[in-house]
Amino acid sequence: MDDLTDPAVIDLLDGHVSQLRSMSPPESTHALDLDGLRAPGVTLWVARADDAVLGCGALAEIEPGHGEVKSMRTAPDAQRRGVARAVLGEILAEARRRGLARVSLETGSDDFFAPARALYAAHGFTECVPFGAYRPDPLSTFMTLELRPRD
């Protein structure tokens, strides 16, 4: 878990938000900025190797029993090394520890986001209708995972 004070983490997240905002119109960009990630009910994880920041991801509790995966990002030089898989695994483990029944997410629908959608599908997420405050958007793909307590 991270407290968002490391400049390298801040740079990674600023790059994430900037890239997403450059790709989609404002009404279709749902990335949390730093203030959003510091809000109550949001927890951020950062993957590191020595002093290098490899990636991050967050869990936001959007209603009782329902969490949302936010701000999944892998540093460009750490891609295809299992960073996103490890971060997502931590997020889902924490969601189970907290007793959440469901975890959902919004990601892009174009080809750039295909690896993200494949990662989520590999973890059991399936496409769903918009949830929470989201509305239908052809630039968004909504996915959800029903969690079952582990024995």
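## Chatting through salt bridges, rings and strand E6

Trainee: Is Arg-97 buried or exposed?
Mentor: Arg-97 counts as exposed, because its relative accessibility is 56%. Keep in mind as we go that this is a predicted model.

Trainee: Okay, and which residue forms a salt bridge with Arg-97 at 3.0 Å?
Mentor: That's Glu-94, with 3.0 Å between the closest N and O atoms. The two residues sit three apart in helix H3, so about one helical turn separates them.

Trainee: And Glu-94 itself, buried or exposed?
Mentor: Glu-94 is buried, as its relative accessible area is 12%, while Arg-97, its partner, is exposed at 56%. Through shared partners, salt bridges tie Glu-61, Glu-90, Glu-94, Arg-97 and Arg-98 into one network.

Trainee: You listed Glu-90. How far apart are the closest N and O atoms of Glu-90 and Arg-97?
Mentor: They are 3.9 Å apart, and the pair is a salt bridge. With the cut-off at 4 Å, that distance falls within the limit, so the pair counts. Glu-90 is partly exposed, at 38% relative accessible area.

Trainee: How many salt bridges does the structure hold?
Mentor: Six. One of them joins Glu-68 to Lys-70, with the closest N and O atoms 3.7 Å apart. Both Glu-68 and Lys-70 are buried.

Trainee: Let's switch to rings. How many aromatic pairs are there?
Mentor: The structure holds five. Among them is Tyr-120 with Phe-125: the ring centres are 5.8 Å apart and the planes meet at 65°.

Trainee: Why is that pair called edge-to-face?
Mentor: Because the planes of Tyr-120 and Phe-125 are at 65°, and an angle over 60 degrees counts as edge-to-face. Tyr-120 is buried at 6% relative accessibility, and Phe-125 is buried too, at 3%.

Trainee: What about Phe-131 and Tyr-134, what sort of aromatic pair do they form?
Mentor: Edge-to-face again, with 5.0 Å from centre to centre and 70° between the planes. Phe-131 and Tyr-134 are both buried. Ring pairs also bring in Phe-142, so to speak, giving a cluster of Phe-131, Tyr-134 and Phe-142.

Trainee: New topic: strand E6. How many of its residues are buried?
Mentor: Six of the seven residues in E6 are buried, and the strand is mostly covered.

Trainee: Which strand pairs with E6 over seven bridges?
Mentor: Strand E4, residues 102-108, and the two pair in the antiparallel sense. Strand E5, residues 126-127, also runs antiparallel to E6, joined to it by two bridges.

Trainee: Can you give me a position to look at? Which residue in E6 stands opposite Leu-105?
Mentor: Met-143 does. Glu-127 stands opposite Met-143 as well, so it's a handy spot to zoom in on.

Trainee: Nice. And where does Thr-144 lie?
Mentor: Thr-144 lies in E6, which covers residues 140-146. Thr-144 is buried, with 10% relative accessible area.

Trainee: What lies 3.4 Å from a polar atom of the side chain of Thr-144?
Mentor: The backbone oxygen of Val-103.

Trainee: With neighbours within four places in sequence left aside, what else is Thr-144 in contact with?
Mentor: Besides Val-103, its contacts are Arg-102, Ser-104, Gly-124, Phe-125, Thr-126 and Cys-128. You'll recognise Phe-125 from the edge-to-face pair with Tyr-120.

Trainee: Backbone question now. What is phi of Leu-4?
Mentor: Near 60°, which is a positive value in a residue other than glycine. Leu-4 sits in the segment before helix H1 (7-23), and it is buried at 3% relative accessibility.

Trainee: And what is phi of Arg-80?
Mentor: Near 65°, also positive in a residue other than glycine. Arg-80 is in the loop between strand E3 (66-74) and helix H3 (83-97). Unlike buried Leu-4, Arg-80 is exposed, with a relative accessible area of 79%.

Trainee: Last one: which residues does the UniProt annotation "domain: N-acetyltransferase" cover?
Mentor: Residues 1-148, according to an unreviewed UniProt entry. In the model, that span is 30% helix and 30% strand, and its end C-alpha atoms lie 23 Å apart.

Definitions and conventions
Residues numbered from 1 in each chain as written. Predicted model: local features only at pLDDT ≥ 70, side-chain atom pairs only at ≥ 80, totals over all residues. Heavy atoms only, no water. Helix = DSSP H or I, 4+ residues; strand = E, 2+ residues; numbered from the N terminus. Buried < 20%, exposed > 50% of the residue type's maximum accessible area, 1.4 Å probe, protein only. Polar contact = N/O pair within 3.5 Å; in protein donor to acceptor, adjacent residues only side chain to side chain. Contact = heavy atoms within 4.5 Å. Phe/Tyr/Trp six-rings, centres within 6.5 Å; stacked < 30°, edge-to-face > 60°. UniProt positions renumbered as here; feature names shortened; annotations may be inferred. Salt bridge = Lys/Arg side-chain N within 4 Å of Asp/Glu carboxyl O. Pairing = 2+ DSSP bridges.
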